[in-house]
Amino acid sequence: MTALKKTVIATVTAAALALATLPAKAADIVDTAVSAGSFKTLVAAVQAAGLVETLKGEGPFTVFAPTDDAFAKLPAGTVDDLLKPENKEKLVAILTYHVVPGKVMSTDIAGKEMEVASVQGDTIDVNATSGVMVDGATVTQADIEADNGVIHVIDTVIMPGM
C-alpha cells in the first residue's frame with residue numbers, strides 16, 4: 001500500500017471514530033420519556049391531557065416523572081378513570097403538579113428542604129437532606145437532561161391538594 005493510501009485510510013478511520021464519540025443531541029422532555037421505555041403510562045396520560053406540545057415546548061421544565069410501576073401503585077381503575085375525556089381537567093391538574101418551571105438539577109437543591117411552586121399552582125414539598133423526597137415520593141434517578149429541561153424519576157404519583 002502506498003503511503004498516501006495509508007494516510008487517507010487512517011484519516012478517514014480517525015474521523016469516523018471522532019464522529020462516533022460525539023454526544024448525541026438530547027431530545028425534548030416527551031421524547032426523552034418515550035425513549036426511556038419506563039414511562040408508558042405517563043406518556044399516555046400526557047397525550048390524553050393534551051400536554052404533549054406544551055412539554056415539547058421551549059421550557060425549561062423540571063418534571064418529576066412517575067414510572068409505570070408508580071402508576072401501578074394507584075388503586076385499581078384509577079388510571080383508566082383519569083384517562084377518560086370527562087376527567088381531562090383532573091388529569092391535567094395531576095400532571096402539571098409534577099412539573100416545575102425552570103431547570104432544577106439535583107446539585108441545585110442538595111442538602112436543602114423547600115417548597116416549590118408547581119405549574120399546577122400548588123406547592124411541592126422537596127427534601128434533599130438525605131436522598132431526595134418529593135411530596136413523599138422518592139427520586140430514584142435524577143438529572144436526566146433533555147433539550148428543554150430535566151427529568152427526575154419518582155417512585156410514586158404525587159397528588160395536588162385539589
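Select strand β7, residues 149-154, and turn on its side chains. Gly149, Ile151 and Val153 point one way from β7, while Val150, His152 and Ile154 point the other way, and all are buried (buried means under 20% relative accessible area, exposed over 50% and partly exposed in between, with a 1.4 Å probe and protein chains only). Six of the six residues of β7 are buried, so the strand is largely enclosed by the rest of the structure. Strands and helices here are DSSP runs numbered from the N terminus, with at least two residues (E) for a strand and at least four (H or I) for a helix.

A word on what you are viewing: this is a predicted model, in which local features need pLDDT of at least 70, side-chain atom pairs count only at pLDDT 80 or more, and totals for chains, interfaces and linings use all residues. Residues are numbered from 1 along each chain as its sequence is written, and side-chain values use heavy atoms, with hydrogens and water left out.

Next, add strand β6, residues 137-146. β6 runs antiparallel to β7, and five bridges join them; two strands count as paired if DSSP finds at least two bridges between them. For a landmark, find Glu145, which stands opposite Val150 in β7. The two strands form a hairpin, with two residues between them.

Now select β1, residues 61-66. β1 and β7 pair in the parallel sense over six bridges, and Phe61 stands opposite Gly149 in β7. Which way do the side chains of β1 point? Phe61, Val63 and Ala65 point one way and Thr62, Phe64 and Pro66 the other, all of them buried. With six of its six residues buried, β1 is largely enclosed by the rest of the structure, so treat it as an interior stop on the tour.

From β1, step across to β2, residues 99-101. Three bridges join β1 to β2, and the two run antiparallel. Look for Thr62 opposite Val100 and Val63 opposite Val99.

Then show the whole sheet. It is open, has seven strands in the order β2-β1-β7-β6-β5-β4-β3, and its pairing is mixed. β2 and β3 (113-117) stand at the edges with a single partner strand each, so one side of each is left without a neighbour in the sheet.

Go back to the start of β1 and select Pro60, in the loop between α4 (52-55) and β1. Is Pro60 buried or partly exposed? Pro60 is partly exposed, with a relative accessible area of 40%. Leaving aside residues up to four places away in sequence, Pro60 touches Pro101, Gly102, Lys103, Asn148 and Gly149, where contact means heavy atoms within 4.5 Å. Asp28 is 32 residues from Pro60 in sequence and 9.8 Å away in space, C-alpha to C-alpha.

For the last stop, select helices α3 (residues 40-48) and α7 (residues 88-97), which pack at an angle of about 125° with their axes 9 Å apart. Axes are lines fitted to C-alpha atoms, for helices over the stretch in contact, and angles run from 0 to 180 degrees between N-to-C directions. In α3, Leu42, Ala45, Val46 and Ala48 meet Lys88, Leu91 and Leu95 in α7.
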